[in-house]
Amino acid sequence: MSESNAPSHRLRTRLVHSGHDVETSRGFVNVPAVRGSTVLYPNAAALKSHDQRFTYGTHGTPTTEALASAWSELAGAAGTALVPSGLAAIAMALQTALKAGDHLLMTDSAYFPARRFAEQVLKPFGVETTYYDPALGAGVAALMRDNTRAILTEAPGSQSLEMQDIPAIAEAAHARGVCVIMDNTWATPLFFPPHARGVDLAIEAGTKYLSGHSDLLLGLISANAQWWPRLKAFVDLYGVPPGPEDCFLALRGLRTMELRLKEAERQALALARWLETRPEVKRVIHPALPHHPGHEIWKRDFGGASGLFSVVLHPVPEAAVEAMLDGLELFGLGYSWGGYESLVIPFDCSTYRTATNWAPGGPALRLQVGLEDIEDLKADLAQGFARLRQAAG
Ligand SMILES: *Cc1c(COP(=O)(O)O)cnc(C)c1O
């Protein structure tokens, strides 16, 4: 965890240079993966005062400090806490803002495990959750109670990619002293500067685009000046720092994140437009496409789109979708996203949503577009569609 420095250079420059630490790198370009629990103190007085840069492994190392300060700079945050997964970041952001007797508003489109956390952890500890339609915008104010203390937003929503008017929600929330938490994993701070848009606590699953290589798990919680002291104090209580290698790899990923994200955006948009021409596809769900219901909000608030979007197919039997998926050569079948490789999963939000009605009128697929040649990706899907048509009869 670390405080941020005021950004003086342009974004691309900061991505390359932020978080450098000449002292611990001993002249090498990269901050090393520092392993360690014990930090030695020079004398009894220092031991008593704890007055030195590093005090114990759980409270930070040169590696975690470099990553946290670079992320704070990128997110425009007062500080960033690092935890071992994106889900842990959600859990700790919620617990920072809530206590027994409080009420939480959560978008119906939230990452499903956030919902499970609310039901299976927060509820038994005395926090009640109301799920809201992400299209409400400032209308969420009507759902706020005297004891509402936090709202968990996510834009676009998991799998179904609904947009939300975050500045309007933040204004309504702050008028009543409600903490605005946002899962910003899809856009990252590169495409959505969370704190400048009114978010108090912003969550990033570093597992996705910060890693970029599907080889680590990491969660980051950045906070504005108002919330940083509470967040830091709360996360310190848990004692769950991420591992040094994961932080080292995340710092490496940070250097190329803008390049990878922009290429993912370009590739995904090209594939989305091609999918719109396919007769098997009923609808492409991508916030950067003009017909997306939240497109105007996306255009107003976001600086780009990442490589994750969804499609709804015309109705076919499940076996036909499985025939399509089973023969894919390049698109892997697997969870998570943000890596260099393309992935696809079928999904059905209707099994768990309660404030909105998910009835897309056909089977839905979520696509993570990687860095492969786009023509090869189209060919892989085209062959998949041929299998789908054959199996559908
Ligand atoms: C993947 C994901 C998470 C969780 O990240 P993990 O590191 O896998 O725990 C949280 N939110 C969103 C939107 C995600 O896609």
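Is S336 buried, exposed or partly exposed? Keep that residue in mind; the tour ends there.

**Before you start**

You are looking at a predicted model, in which local features need pLDDT of at least 70, side-chain atom pairs count only at pLDDT 80 or more, and totals for chains, interfaces and linings use all residues. Residues are numbered from 1 along each chain as its sequence is written, and side-chain values use heavy atoms, with hydrogens and water left out.

**Stop 1: the ligand**

Select the ligand and show its surroundings. Around the ligand are 14 residues, and G86, L87, D183, T207 and K208 come nearest (a residue is near a molecule if one of its heavy atoms lies within 4 Å of it). Sorted by class, this shell has 6 nonpolar, 5 polar and 3 charged residues. Here Ala, Val, Leu, Ile, Met, Phe, Trp, Tyr, Cys and Pro count as nonpolar, Asp, Glu, Lys and Arg as charged, and the others, Gly among them, as polar.

Now colour helix α5, residues 86–97, which gives the largest share of the shell, 3 residues. Helices (H or I, at least four residues) and strands (E, at least two) are DSSP runs, numbered from the N terminus.

Next, show the oxygen atoms of the ligand. A backbone N or O atom of L87 lies 2.9 Å from one ligand oxygen. From T207, a polar side-chain atom lies 2.5 Å from a ligand oxygen, and from W337 a polar side-chain atom lies 3.1 Å from a ligand oxygen. The ligand taken alone exposes 380 Å², and the protein buries 89% of that (areas by the Shrake-Rupley method with a 1.4 Å probe).

Switch on a surface, and you will find the ligand in the largest pocket. A pocket is found on a 1 Å grid over the protein atoms alone, as an open set of points with protein on both sides within 12 Å along at least five of seven lines. A molecule sits in one if more than half of its atoms lie within 2 Å of its grid points.

**Stop 2: T148**

Select T148, in strand β5 (residues 148–154). What do its side chain and that of H103 share? They are joined by a polar contact of 2.7 Å, that is, a pair of N or O atoms within 3.5 Å, where within protein one must be able to donate a hydrogen and the other to accept it, and residues adjacent in sequence count only if both atoms are side-chain atoms. The T148 side chain also reaches the backbone nitrogen of R145, at 2.6 Å. T148 counts as buried because its relative accessible area is 1%; buried means under 20%, exposed over 50%, and partly exposed in between (1.4 Å probe, protein chains only).

**Stop 3: the loop after β5**

Move on to P156, in the loop between β5 and α7. The peptide bond joining A155 and P156 is cis, with omega about -10°. L161 lies in the loop between β5 and α7 (166–174), and L161 is buried because its relative accessibility is 2%.

**Stop 4: Y238**

Go to Y238 in helix α9 (residues 228–238). Y238 is partly exposed, as its relative accessible area is 43%. Add M92: the two are 146 residues apart in sequence and 9.0 Å apart in space, C-alpha to C-alpha.

**Stop 5: two positive phi angles**

R26 is not a glycine, yet its phi is positive, about 50°. Look for R26 in the loop between α2 (22–25) and α3 (44–49); its relative accessibility of 74% makes it exposed.

Finally, select S336, in the loop between β11 (332–333) and β12 (343–347). S336 is not a glycine either, and its phi is about 70°. As for the opening question, S336 is partly exposed because its relative accessibility is 27%.

Notes:
1 Å grid on protein atoms, 1.4 Å probe; cavity = no way out; pocket = protein on both sides within 12 Å on 5 of 7 lines; lining within 4 Å.
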